[in-house]
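Work through the exercises below with the sequence and the 3D structure at hand. Try each task yourself before you read its solution.

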Amino acid sequence: MNSTLTVVTQRIRDRSAGLRDNYLARIAQLNNRQRGFERMGCANVAHAVAALPSNDKLRIVAEKAPHLGVVTAYNDMLSAHQPYEDYPARIRAEAHRLGATVQVAGGVPAMCDGVTQGLPGMELSLFSRDTIAMSTAIALTHDVFDAALLLGICDKIVPGLLIGALHFGHLPCVFVPAGPMSSGISNSDKAKVRELYAQGKVGRDELLKSESAAYHGAGTCTFYGTANSNQMLLEAMGLHVPGAAFVHPHDDLRAALTREAVGTALEISGRLQGKPAKPIGQLVDERCIVNAMVALLATGGSTNHLIHWVAVARSAGILINWTDFSDLSAVVPLLARVYPNGSADVNQFQAAGGPGFVIRELLDAGLMHEDVLSVAGSTLRPYTFVPHSVGQGGEVVREPLAAASGDDGVVRTAAAPFSATGGLKLLDGNLGRAVIKVSAVPEDRHTVEAPCRIFTTQEAMLTAFKNGELERDVIVVVRFQGPHANGMPELHKLTPPLAVLQGKGFKVALVTDGRMSGASGKVPAAIHVSPEALAGGPLARLRDGDVVRVCALTGSLQALVGDAEWAVRDVARLAPAEADVNAHGLGRELFAGLRRNVLSAEEGACTWL
């Protein structure tokens, strides 16, 4: 076992000891109760089964058959979630075949960040995670289930479902994905058209044609952003059936994997064989969390998870921070290049070996904990086998992966990685703490030092770009974009113009207390700056023209201003008119309490603590 992995895991265990012990004690107390239908009053039971067919009522009440709850994030606004439309019927049929019953316990909201990108709706995106967590809790509060199946894939949905499930940590849970859409236009071609549009060289019609060729059918978007990073992390945590992440929605193998998930949920409930249950709160321990962190770093995954997994871990009584990520990143090699950390999409990643290849390499290199519980067994090793086909009995057939990569331009062995260190770095300095995704950034751009230009809105920056005001070496600062200010939106609309400036040879970087997700691409971006500007963070001390250094090599985020001057500078305030815009319209009023109560990005942007 790698010594840094051991040290970080033990540090997390020691830091979390009291909180984790209390969490496990609550799980144990809930596990000692009678089953739901047996401890409930008759009126409660009658309400719970009122709409079920008579034979299901018989199974539940008289036969005491296992009963599964489904929490679904289905809607057809999200291409990734559209396939879930008929999953309840599929799950119900398989449960009946296995002698169990099923109810859809509830639905959770799921917004598409692709639809809301750069629009007011994106200001609700981060907080939708905790709304989903609360909705999951409402669904599971019916408290009649022996296990739960959680249907969700995309950016905030998986973290929200997982946070909600971990607050019901006594319940065995299996996540059920639906897979990525087929490959369309290449991600690099899509990015080129976006840059041409930003320069005014192509019009809206051509841009729409390109985007529609990229996002064209059912399934997850095929770049390696937060949604697909979610699936990689769930594999590394053992919360899917093995290899479920990246099989196409309409493949026969996908249907077989969904059936297998039902059987797995019943098995880990302990109700079929009278075995001990495997509650999700016991599976998700500090080793499981570290495995997820390692998988994120080894694949150059989404920076959003430096926020989300802090919140996920806290939900299981585990305390992690960005220093833990940074220390692991120093020893975890980069094993995958998937767009924007390369040219391949997730379908090519899957074909080259996918999550199974990465997990095997990390386990064999001593960079993951193998001795962990999962929904598939008592080790993580089953997740190194890939689902290959459907057997004659409808079962999933798995095979071990070849020793060599299917495409060493996409995935590589731990002995010959793309980089000796992970794809994410921690930055620290007089501007605060931030993170930067360097896996896609050219090495000659890992350090950028230039005068800054400060904006308080995306729109103002885009206007300055169109007016030619940024045609120089520049650090673009977009502040008042943190959770307290406006919900911490992703700022992807800034990527094409910044890429254009970088392509012209200028030294360019972004510094912001907002987010950029997994798609920041080739432009160095110091994001999630904490404390945020609205909370009086040092980003609010910057002035136009200050020279700023962003250095991923030394981990520095520094305003090159004398200490004496820096200490006495006034802190900029958000203009009342802009604050008013952030607070009103398109549902933003409803999230005022979350903006007031939210913790910092490094604390997971939690709103419930």
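The exercises that follow deal with single residues, charged pairs and a pair of helices.

This is a predicted model, in which local features need pLDDT of at least 70 and side-chain atom pairs count only at pLDDT 80 or more, while totals for chains, interfaces and linings use all residues. Residues are numbered from 1 along each chain as its sequence is written, and side-chain values use heavy atoms, with hydrogens and water left out.

**Exercise 1.** Describe where Gly521 is found and which residues it touches.

Solution. Begin with the secondary structure, in which helices (H or I, at least four residues) and strands (E, at least two) are DSSP runs numbered from the N terminus. Gly521 belongs to the loop between strand E11 (508–512) and strand E12 (525–530). Next, classify its surroundings: buried means under 20% relative accessible area, exposed over 50%, and partly exposed in between, with a 1.4 Å probe and protein chains only. Gly521 has a relative accessible area of 12%, and therefore it is buried. Finally, look for contacts, meaning heavy atoms within 4.5 Å. If residues up to four places away in sequence are not counted, Gly521 touches Pro340, Ala440 and Val441. Its C-alpha atom is separated by 8.6 Å from that of Val438, a residue 83 residues apart from it along the chain.

**Exercise 2.** Decide whether Arg287 is buried or exposed, and find the polar contact of its side chain.

Solution. Arg287 lies in helix H14 (residues 286–299), and because its relative accessibility is 19%, it counts as buried. A polar contact is a pair of N or O atoms within 3.5 Å; within protein, one must be able to donate a hydrogen and the other to accept it, and residues adjacent in sequence count only if both atoms are side-chain atoms. The side chain of Arg287 makes such a contact with the side chain of Asp285, at 2.6 Å. Leaving aside neighbours within four places in sequence, Arg287 is also in contact with Thr9, Arg13, His369, Asp371 and Val372.

**Exercise 3.** Examine the salt bridges of Asp324 and of Lys522, and say which parts of the chain they link.

Solution. Side chains of opposite charge can pair when their charged atoms come close. A salt bridge is a side-chain nitrogen of Lys or Arg within 4 Å of a carboxyl oxygen of Asp or Glu, and by this rule the count comes to 33. In one of them, Asp324 pairs with Arg11, the closest N and O atoms being 2.8 Å apart. This pair links distant parts of the chain, with Asp324 in helix H16 (residues 322–329) and Arg11 in helix H1 (residues 3–31), 313 residues apart. Asp324 is buried at 0%, whereas Arg11, at 28%, is partly exposed.

Now turn to Lys522, whose side chain meets that of Glu195 in a salt bridge (3.4 Å, N to O). Lys522 lies in the loop between E11 and E12 and Glu195 in helix H9 (residues 187–198), so the pair ties together parts that are 327 residues apart in sequence. Lys522 is partly exposed at 37%, and Glu195 is buried at 18%.

**Exercise 4.** Find out which residues of H5 and H12 meet.

Solution. Tyr87, Arg90, Ile91, Glu94 and Ala95 in H5 meet Arg254, Ala255, Thr258, Arg259 and Val262 in H12.
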